Amino acid sequence: MDELMSIGMFGRRVGLSAGALRFYDDCGVLRPARVDGDTGYRFYAEGQTERAVRVRRLRAAGMPLAEVTAVLDGDPAGARALLEAHARRMRETAEAAREAVGELLRELPEGVATACVGGAEFASAVRQVVSATASGAVREEFPVLGCVLVEVDGPEVRLVATDRYRLAVRTLRADADTGGPRRFLVGAEHAGELARWAVRWPEVRVEAGPDGVLLRGPDGVRTVTVHPGEYPDWRMVLDGLGAVRNRVVVDRAELRSVLAGVSGPVVTLSAGDGGLAGPGGPVPRALCDGPPLRISFDPEVLLAAVDAGVGPDVLLEVRSATGPVVVRSADQGSFTTLVMPVRETSEGDGS
């Protein structure tokens, strides 16, 4: 028989206080191995360690005691279902809390929001999204689309750009964040200048207040020129995306070669039988799932989205032949680009 431990010794082993162990005993979740009939002292066995640790972890995750017991004593399928349902509730609760706090913060007098990010990361994020800013006639008609939207929101800094045909979003994790949320617009050319300055520093601090925005490095500071205007609701676009029908993982260099070789205004890609084909035939090193699909793009627009990513692979998530296609680096989920397909030409591929 295992040597029994006192409630204090067992509590130190499993990370629970004596009070918590008494409570879990009273609730029937974790009974002691023996209770002294004269003193009422509780004693625990080594074999109870795993259950006690699981109780602690489940309670730390905010799971109600009734569900804790069901997870511990039920079958694996039922336990998984309970844990997944609890995770969904926690995400919904956290999102509701974030929105509520955000609304309250917006109602307060504006303070200074700060966020520290890596200089190279900031520069990379600018490079990735700036290609999706508008130029030419679109920029003249909608000047805000020639800007990068920067959002300082708690532990995240987001950079967003769109020209109505593409939408690029890059999220950076921030350290030593205070205040927020704050958002401001930076012209594409000025954003590029700031990126070239920031890349020199291991870390830069974004300081956004009612009197202006600064980008501060270890040994220097740049004043950010902020453009006026209201930016489109980019979240509404992402929230409106439906279920993914096709996923295509393709070698970046191979896809780039296909797109760069198209001379016309449209390129058509065909997915089926686990592979991808372009105007010249099968695209090497491509994996596809989902039903057969034909989808057309402006090759220059798709090429810019492909070039903005990092790593050797590109992931395409297709909802339909006419809806926005998500283009991202297969190993970097914090950068997302949306590209609108175009109508297929009568020739089929535009080459």
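Here are some exercises with worked solutions on the predicted model shown above.

**Exercise 1. The nonpolar cores**

Task: Find the largest nonpolar core and see which residues Phe122 touches.

Solution:
- Step 1. Begin with the size: the largest nonpolar core contains 48 residues.
- Step 2. Look for the residues with the most contacts inside this core. They are Phe122, Val157, Leu159, Phe184, Val204, Leu215 and Tyr231.
- Step 3. Now zoom in on Phe122. Setting aside residues up to four places away in sequence, Phe122 touches Val117, Leu159, Leu172, Leu194, Ala195, Ala198, Val204 and Leu215.
- Step 4. Then turn to the other core. A second, separate one has 26 residues, including Val250, Leu293, Leu303 and Val325.
- Step 5. For background, nonpolar side chains tend to be buried together in soluble globular proteins.

**Exercise 2. A salt bridge across 84 residues**

Task: Describe the salt bridge of Glu151 and Arg235, and decide for each residue whether it is buried, partly exposed or exposed.

Solution:
- Step 1. Check the distance: the side chains of Glu151 and Arg235 meet at 2.9 Å, N to O.
- Step 2. Place the partners. Glu151 sits in strand S5 (residues 147–153) and Arg235 in helix H9 (residues 234–239), so this pair, 84 residues apart, links distant parts of the chain.
- Step 3. Use the cut-off: buried means under 20% relative accessible area, and exposed means over 50%. Glu151 has 4% relative accessibility and therefore counts as buried.
- Step 4. Arg235, with a relative accessible area of 30%, is partly exposed.

**Exercise 3. Two more bridges and a network**

Task: Work through the salt bridges Arg256 with Asp307 and Arg328 with Glu317, then find the network that contains Glu151.

Solution:
- Step 1. In the salt bridge between Arg256 and Asp307, the closest N and O atoms are 2.9 Å apart.
- Step 2. Arg256 belongs to helix H10 (residues 252–260) and Asp307 to helix H11 (residues 299–308); they are 51 residues apart, and the pair links distant parts of the chain.
- Step 3. Both of these residues are partly exposed: Arg256 has 37% relative accessibility, and Asp307 has 31%.
- Step 4. Move on to Arg328 and Glu317, whose side chains form a salt bridge at 3.2 Å, N to O.
- Step 5. Arg328 is in strand S20 (residues 325–329) and Glu317 is in strand S19 (residues 313–318), so the pair ties together parts 11 residues apart in sequence.
- Step 6. Arg328 and Glu317 are both buried.
- Step 7. Finally, follow shared partners: salt bridges join Glu151, Asp153, Glu156, Arg158, Arg173, Arg183 and Arg235 into one network.
- Step 8. To finish, note the total for the structure, which is 22 salt bridges.

**Exercise 4. Two helix residues**

Task: Work out the surroundings of Glu121 and His190.

Solution:
- Step 1. Glu121 is located in helix H6 (residues 119–130). Its relative accessible area is 41%, so Glu121 is partly exposed.
- Step 2. Leaving out neighbours within four places in sequence, Glu121 is in contact with Arg170 and Leu172.
- Step 3. Compare sequence with space: Glu121 and Ala195 are 74 residues apart in sequence, while their C-alpha atoms are 9.3 Å apart.
- Step 4. His190 lies in helix H8 (residues 188–198). At 14% relative accessibility, His190 counts as buried.
- Step 5. Not counting residues up to four places away in sequence, His190 touches Thr223, Val224 and Thr225.

**Exercise 5. Strands and their partners**

Task: Trace how strand S11 pairs, and then explain why S1 and S2 stand at the edges of their sheet.

Solution:
- Step 1. Strand S11 (residues 212–217) has a covered face with Val213, Leu215 and Gly217, and an uncovered face with Gly212, Leu214 and Arg216.
- Step 2. Strand S10 (residues 204–209) pairs with S11 in the antiparallel sense over 5 bridges. Here Arg205 stands opposite Arg216, and a hairpin of 2 residues joins S10 to S11.
- Step 3. S11 also pairs with strand S12 (residues 220–224), again antiparallel over 5 bridges. Leu214 stands opposite Thr223 in S12, and a hairpin joins S11 to S12 through 2 residues.
- Step 4. Turn to the open sheet of 3 strands, which has the order S1-S3-S2 and antiparallel pairing.
- Step 5. Strand S1 (5–6) and strand S2 (34–35) each have a single partner strand, so one side of each lacks a neighbour in the sheet.
- Step 6. S2 and strand S3 (residues 42–44) pair over 2 bridges, and the bridge partner of Arg34 in S3 is Phe43.

Terms used: Residues numbered from 1 in each chain as written. Predicted model: local features only at pLDDT ≥ 70, side-chain atom pairs only at ≥ 80, totals over all residues. Heavy atoms only, no water. Core = buried A, V, L, I, M, F, W, Y, C linked by side-chain atoms within 4.5 Å. Buried < 20%, exposed > 50% of the residue type's maximum accessible area, 1.4 Å probe, protein only. Contact = heavy atoms within 4.5 Å. Salt bridge = Lys/Arg side-chain N within 4 Å of Asp/Glu carboxyl O. Helix = DSSP H or I, 4+ residues; strand = E, 2+ residues; numbered from the N terminus. Pairing = 2+ DSSP bridges.
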